[in-house]
Amino acid sequence: MKAFIFDRDGTLIENRHYLSTPMGIKFNPCAFDLLRTIRHCGYHIFVLTNQSGVRRGYYSRERIEEIHREMLLRLTQEKIRIEKIFYCEHHPNERCNCRKPGDHFLKILRRRYDMEPESSYFVGDRAEDMLLGKKCGMKTVLLRSNSQKDQTPSADYVFDSLCAILNLLK
Ligand SMILES: [Mg+2]
Ligand SMILES: [Zn+2]
């Protein structure tokens with residue numbers, strides 16, 4: 001199957017410093033339209049996020065899962081289906097292979113969901129997102145934020161707004 005894999009913070013939802021409550025979830029204004037169109041075009045949607053705040057002690061794993069349940073609930077209310085939200089809870093020092101740009105979860109996507117990298121996209125706002133997508137042979141889409149305009153990581157496509165990603169689907 002073909003897929004769109006999204007980073008969470010700064011991509012689908014507003015970037016908050018270690019978001020720790022469902023009340024703080026704020027979807028990008030373009031997210032619902034974009035996700036609906038992507039589904040309509042026959043892609044499956046996944047989210048892949050680094051959440052080292054768990055191991056840093058800023059919030060619990062239960063809290064992360066509560067936040068993700070709330071995200072999925074709001075998407076369901078918008079009639080959007082997301083297959084799964086994968087998260088890495090490890091501290092960078094633990095050197096796990098699920099923290100982006102580690103490819104543990106993408107291997108699962110290939111094995112368990114039969115994801116075809118060459119017809120799939122990785123969308124994110126950071127270098128680690130682009131590195132991971134590239135490493136796995138996917139098309140990479142960078143959502144460029146104001147803060148990093150001078151040092152843009154390399155990507156197949158670069159957009160300044162999530163809405164503009166719709167152009168890829170036309
Ligand atoms: Mg991000
Ligand atoms: Zn990890």
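Q: Where is the place of Pro101?
A: Pro101 sits in the loop between E3 and H3. These labels follow DSSP runs numbered from the N terminus, where a helix (H or I) has at least four residues and a strand (E) at least two. The model is predicted: local features need pLDDT of at least 70, side-chain atom pairs count only at pLDDT 80 or more, and totals for chains, interfaces and linings use all residues. Residues are numbered from 1 along each chain as its sequence is written, chains are lettered from A and ligands numbered from 1 in the order in which they are written, and side-chain values use heavy atoms, with hydrogens and water left out.

Q: What kind of peptide bond joins Lys100 and Pro101?
A: The bond between Lys100 and Pro101 is cis, with omega at about 10 degrees. Lys100 is likewise placed in the loop between strand E3 (84-88) and helix H3 (104-113).

Q: Why does Lys100 count as buried?
A: A residue is called buried under 20% relative accessible area, exposed over 50%, and partly exposed in between, using a 1.4 Å probe and protein chains only. Lys100 has 5% relative accessibility and therefore counts as buried.

Q: Which residues is Lys100 in contact with, leaving aside its neighbours within four places in sequence?
A: Contact means heavy atoms within 4.5 Å. With those neighbours set aside, Lys100 touches Asp7, Leu48, Thr49, Asn50, Phe122, Glu128, Asp129 and Leu132.

Q: What coordinates the magnesium ion (ligand 1)?
A: A donor is an N, O or S atom within 2.8 Å of the metal (3.2 Å for Na, K and Ca); water is not among the atoms, so sites may look incomplete. For the magnesium ion (ligand 1), the donors are Asp7 (OD), Asp9 (O) and Asp125 (OD), at 2.2 Å. Their spacing in sequence is D-x1-D-x115-D. Asp9 and Asp125 link distant parts of the chain, 116 residues apart: Asp9 is in the loop between strand E1 (3-6) and helix H1 (31-40), and Asp125 is in the loop between strand E4 (121-124) and helix H4 (127-135).

Q: Why do Asp9 and Asp125 count as buried?
A: Asp9 has 15% relative accessibility, so Asp9 counts as buried. Asp125 has 8% relative accessibility, so Asp125 counts as buried.

Q: What makes Arg95 count as exposed?
A: The relative accessibility of Arg95 is 75%, so this residue counts as exposed. Arg95 belongs to the loop between E3 and H3. Although Arg95 is not a glycine, its phi is positive, at about 50 degrees.

Q: What is the phi of Asp114?
A: Asp114 has a positive phi near 60 degrees in a residue other than glycine. The position of Asp114 is in the loop between H3 and E4.

Q: Why is Arg144 called partly exposed?
A: Its relative accessible area is 25%, so Arg144 is partly exposed. Arg144 lies in the loop between strand E5 (139-143) and strand E6 (157-159). Its C-alpha atom is separated by 6.7 Å from that of Val158, 14 residues apart along the chain.

Q: Why is Leu162 called buried?
A: Leu162 is buried because its relative accessible area is 1%. It is found in the segment after E6. The C-alpha atoms of Leu162 and Cys30 are separated by 5.9 Å, with their positions 132 residues apart along the chain. Beyond its neighbours within four places in sequence, Leu162 has contacts including Phe6, Leu12, Cys30 and Leu143.

Q: Why is Ile13 called buried?
A: Ile13 has a relative accessible area of 2% and is therefore buried. Ile13 is found in the loop between E1 and H1. Leaving aside neighbours within four places in sequence, its contacts include Leu19, Ile25, Phe27 and Met71. Ile13 and Cys30 are 17 residues apart in sequence, and 9.9 Å apart in space from C-alpha to C-alpha.

Q: What pattern does the protein chain follow?
A: The chain has four helices and six strands, in the order β-α-β-α-β-α-β-α-β-β along the sequence.

Q: Why does the radius of gyration of the protein chain agree with a compact globule?
A: The radius is taken over C-alpha atoms, and the globule rule is 2.2 Å times the number of residues to the power 0.38. With 170 residues a compact globule would have a radius near 15 Å, and the chain has 15 Å, so the two agree. Of the 170 residues, 47% count as buried.
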